[in-house]
Amino acid sequence: AVTAGGAGGAPRDSPEASLDPDHLYNVLFIGDSHVGKTSFLYRLHADTFNPHLTATVGLDYQVKNLVVDNKRFALRLWDSAGQERYHSITKQFFRKADGVVLMYDITSEYSFSDVQYWLSCIQEGAEDGVPILLLGNKTDCAAERQVPVKEGERLAKEHQLMFYECSAASGHNVSESMVGLVRLLKVHEDKLKNKAEEVPKPPQKKKGCCW
Amino acid sequence: MTCSTSSASSLDTSAQFQENNGQTPSTRWDEQQKVFALEQVCGVFRVDLGQMRSLRLFFSDEACTCGQLVVASRESQYKIFHFHHGGLDKLSEVFQQWKYCTETHLKDQQLTDEKTCMQFSIRRPKLPSSETHPEENTYKRLDVSAWLHHLNESGQVEEEYKLQKAIFFGGIDISIRGEVWPFLLHYYSYESTSEEREALRLQKRKEYFEIQEKRLSMTSDEQKDFWRKVQFTVDKDVVRTDRSNQFFRGEDNPNVETMRRILLNYAVFNPTIGYSQGMSDLVAPLLAEVLDESDTFWCFVGLMQNTIFISSPRDEDMEKQLMYLRELLRLMHPRFYQHLASLGEDGLQMLFCHRWILLCFKREFPDAEALRMWEACWAHYQTDYFHLFICVAIVVIYGDDVIEQQLATDQMLLHFGNLAMHMNGELVLRKARSLLYQFHLLPRIPCSLHDLCKLCGTGMWDSGFIPAVECSGHHPASESCPYGGLAEASSPKPGSEGKRGLKTRDVFAFRK
């Protein structure tokens with residue numbers, strides 16, 4: 001069995017990571033089973049597609065370093081199990097997430113209708129206004145598409161989410177969507193900082209660095 | 001000491017006291033083979049008295065000739081010999097003269113003239129090393145001939161604890177896994193005869209196909225619901241389970257289809273559990289060894305019901321496992337525990353080991369090693385939670401970096417995640433066995449761990465593991481400790497064994 005578990009450059013070993021990142025974000029991946037969360041992360045890390053990744057049990061973790069707009073970003077990517085049984089583990093992590101990637105499968109209407117459920121989980125558990133990226137995966141399977149692009153766009157607009165369609169299998173929009181998310185996270189962080197400066201009393205503990 | 005339990009009215013005169021302590025490994029092996037030969041004779045109880053913790057004589061007559069001899073092992077198990085026709089006085093003389101024995105006087109006894117009890121503690125110059133289990137390397141892998149030795153003429157397992165112990169230490173040869181696993185997984189009972197097992201298989205096969213029939217005759221609404229809740233996930237999971245195993249390799253492999261049917265039928269058989277991701281990881285190796293579809297199904301049912309690890313999807317089960325594991329770490333690896341505690345709630349959640357417990361190390365070790373761990377856990381030798389000792393062993397062997405570098409919760413997850421498939425399973429298993437041994441040697445254990453070794457049977461002893469218990473608090477609403485633990489002694493003092501022996505126990509749960 002092959003798993004994509006945690007292979008992404010350990011902070012201690014990877015030369016990339018030894019450069020101190022300017023910004024560090026925790027990003028939680030959620031969505032139904034089989035929508036392709038682990039495959040997406042595997043593509044992001046190894047730039048290949050592995051069709052035999054086993055189901056995620058519990059929570060996996062890896063680090064991805066990106067340079068965006070001449071700034072170094074380290075993303076801590078938390079891969080969660082999609083099945084309901086494991087949601088209690090996932091839920092504990094909502095409050096720690098600086099950003100959430102909510103993924104569905106464009107060939108599965110069910111996974112798209114469950115986006116509502118996942119949004120309610122975010123609302124319940126995560127910080128208010130946490131940046132969310134809605135990802136419709138598996139664009140390579142165009143023939144089996146059940147969820148039109150328009151539907152995804154509509155839902156994203158309604159809930160003010162960033163939206164991309166992508167394919168972990170072909171690599172389509174994988175890094176593009178991540179770069180988009182990083183920019184969004186940066187904007188959100190700046191906003192929080194400004195807010196904290198406005199408030200005269202105890203400035204909020206710097207979020208996102210250490211837990 | 002050799003003594004026939006069936007005629008324990010008088011002690012065998014050939015009682016031996018081994019005084020040589022430093023045996024060389026080779027003579028040790030020979031010794032062990034002799035022991036095995038003796039143990040094959042039914043009803044013989046044989047231990048080296050010099051390795052015991054204490055010997056107690058309880059007199060039932062004024063002349064102090066009749067009564068009971070109670071042997072207490074260092075691992076807190078007990079054996080009782082009844083002397084109905086005298087001889088106990090002679091035995092007490094022998095004990096008084098034996099140089100490794102010291103008589104300890106009981107406090108309350110001094111008040112009365114009548115002698116009702118004598119207590120001897122065993123003094124050994126050196127305790128056996130606790131780095132490895134003293135019985136490590138004494139068992140070879142269970143192969144066909146060894147297996148057949150455990151069976152009598154009608155195919156019953158003669159003494160299950162001997163089989164379980166052999167499996168715990170030596171594992172099972174691949175060639176007979178399919179035959180022995182059904183016993184470990186409670187599909188076959190140990191006392192069943194070959195004939196009875198054949199009848200059971202037929203009966204169970206019929207039941208299995210009835211379950212399948214039920215699944216295939218669902219109404220379209222039921223079917224839709226079943227597809228959404230179970231089948232959809234099963235279909236996607238089976239094709240990505242154990243692909244590297246020859247047995248499941250290739251497109252349209254019929255074995256994958258069999259695995260699929262077993263999982264679907266299980267969800268019909270047990271709708272409360274249904275299908276949880278991870279189950280395919282557990283059923284695949286069973287199918288690859290047991291081969292028959294119906295037999296595999298029932299073994300899987302046994303795995304889900306009768307073993308304590310993984311199985312049920314309720315959170316409280318996981319919570320209980322984690323609580324035990326935290327307590328074990330606190331006891332056996334305090335430095336690591338302190339590190340976790342310093343991280344607060346997140347650290348104590350121990351996310352890094354959830355998958356270890358849920359899939360019983362299936363994704364942490366290559367199959368050959370993981371399955372050896374499964375067998376050791378299924379043997380239920382001296383504990384029902386051996387998998388937690390394996391968790392502690394992993395932490396002991398591979399967790400030093402975590403403490404030295406003060407790794408945070410997420411880094412710990414990364415640290416142990418990166419170790420998956422790169423750890424030495426044999427080493428971990430040996431360490432886990434020695435940890436279990438050390439656990440049994442502890443002068444007292446916290447009451448939170450009282451039930452860790454409860455269901456696993458008594459072995460050749462009359463009692464299970466009866467440790468001295470110390471209350472660790474945390475009893476909701478009730479003030480007294482349900483295990484009779486005392487809150488006073490905060491840290492167990494080494495060498496306080498003699499003292500604890502003075503307390504008379506009333507918690508003996510002897511086997512009839």
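This tour moves through a predicted model one selection at a time, from chain B as a whole to its interface with chain A and then to individual residues.

**Chain B as a whole**

Begin by selecting chain B and colouring it by secondary structure, which comes to 20 helices and nine strands. If you then colour by accessibility, buried residues make up 55% of the 512 residues in chain B. A contact map of this chain, restricted to contacts between residues at least 6 apart in sequence, would show that 70% of them join residues at least 24 apart.

**The interface between chains B and A**

Next, show both chains and select the residues of each that touch the other: 34 residues of chain B are in contact with 36 residues of chain A. Together the two chains bury about 3200 Å² between them, and 51% of that area lies on carbon and sulfur atoms. Within the contribution of chain B, pick out B:Arg240, B:Gln277 and B:Leu414, which supply 21% of the area that chain B buries against chain A, more than any other three residues.

For the polar side of the interface, turn on side chains: the count between chain B and chain A is five salt bridges. To see a salt bridge between the chains, select B:Asp346 and A:Arg95, whose closest N and O atoms are 3.6 Å apart. Across the interface there are also twelve residue pairs in polar contact, with both residues of each pair at pLDDT 80 or more.

Which helices of chain B each supply at least two residues of the side that touches chain A? Select helix H7 (220-238), helix H14 (354-358) and helix H18 (409-419) of chain B, and you have them. Of the elements on this side, H7(B) gives the most, with six residues. Coloured by class, the side of chain B that touches chain A divides into twelve nonpolar, twelve polar and ten charged residues.

**Helix H18 of chain B and its surroundings**

Stay with H18(B), which is largely enclosed by the rest of the structure, because eight of its eleven residues are buried. Those to select are B:Thr409, B:Asp410, B:Met412, B:Leu413, B:Leu414, B:His415, B:Phe416 and B:Leu419. B:Leu414, a member of this buried set, is also one of the three residues named above for their share of the area that chain B buries against chain A.

Now look at the backbone on either side of this helix. B:Gln406 is found in the loop between helix H17 (400-404) and H18 of chain B, and B:Gln406 has a positive phi of about 50° although it is not a glycine. Just after H18(B), B:Met421 likewise takes a positive phi, of about 70°.

**Cysteines of chain B**

Select every cysteine sulfur next, bearing in mind that the structure holds zero disulfides over all chains. For B:Cys117, the nearest cysteine sulfur is that of B:Cys64, 10 Å away, and B:Cys117 counts as buried at 8% relative accessibility.

Why does B:Cys391 not form a bond with B:Cys353, which has the closest cysteine sulfur? The two sulfurs are 5.3 Å apart, too far for a bond, since a disulfide requires sulfur atoms within 2.5 Å. B:Cys391 is itself buried, with a relative accessible area of 1%.

**B:Pro182 in helix H5**

Move to helix H5 (residues 177-184) of chain B and select B:Pro182, which counts as buried at 2% relative accessibility. Leaving aside residues up to four places away in sequence, B:Pro182 touches B:Arg177, B:Tyr187, B:Tyr188 and B:Cys299. Extend the selection to B:Trp298, which lies 116 residues away along the chain from B:Pro182, and the two C-alpha atoms are separated by 8.4 Å.

**A:Asn173 in chain A**

For the last stop, switch to chain A and centre on A:Asn173, in the loop between strand S6 (162-165) and helix H7 (174-198) of that chain. Is A:Asn173 buried or exposed? With a relative accessible area of 17%, A:Asn173 is buried. Its phi is positive, at about 60°, although A:Asn173 is not a glycine.

Show the side chain of A:Asn173 and you will find that it reaches the backbone oxygen of A:Glu165 at 2.7 Å. Not counting residues up to four places away in sequence, A:Asn173 touches A:Tyr164, A:Glu165 and A:Cys166.

Definitions and conventions:
Residues numbered from 1 in each chain as written. Chains lettered and ligands numbered in written order. Heavy atoms only, no water. Contact = heavy atoms within 4.5 Å. Buried area = accessible area lost by both parts, 1.4 Å probe. Salt bridge = Lys/Arg side-chain N within 4 Å of Asp/Glu carboxyl O. Polar contact = N/O pair within 3.5 Å; in protein donor to acceptor, adjacent residues only side chain to side chain. Helix = DSSP H or I, 4+ residues; strand = E, 2+ residues; numbered from the N terminus. Nonpolar A, V, L, I, M, F, W, Y, C, P; charged D, E, K, R; others polar. Buried < 20%, exposed > 50% of the residue type's maximum accessible area, 1.4 Å probe, protein only.
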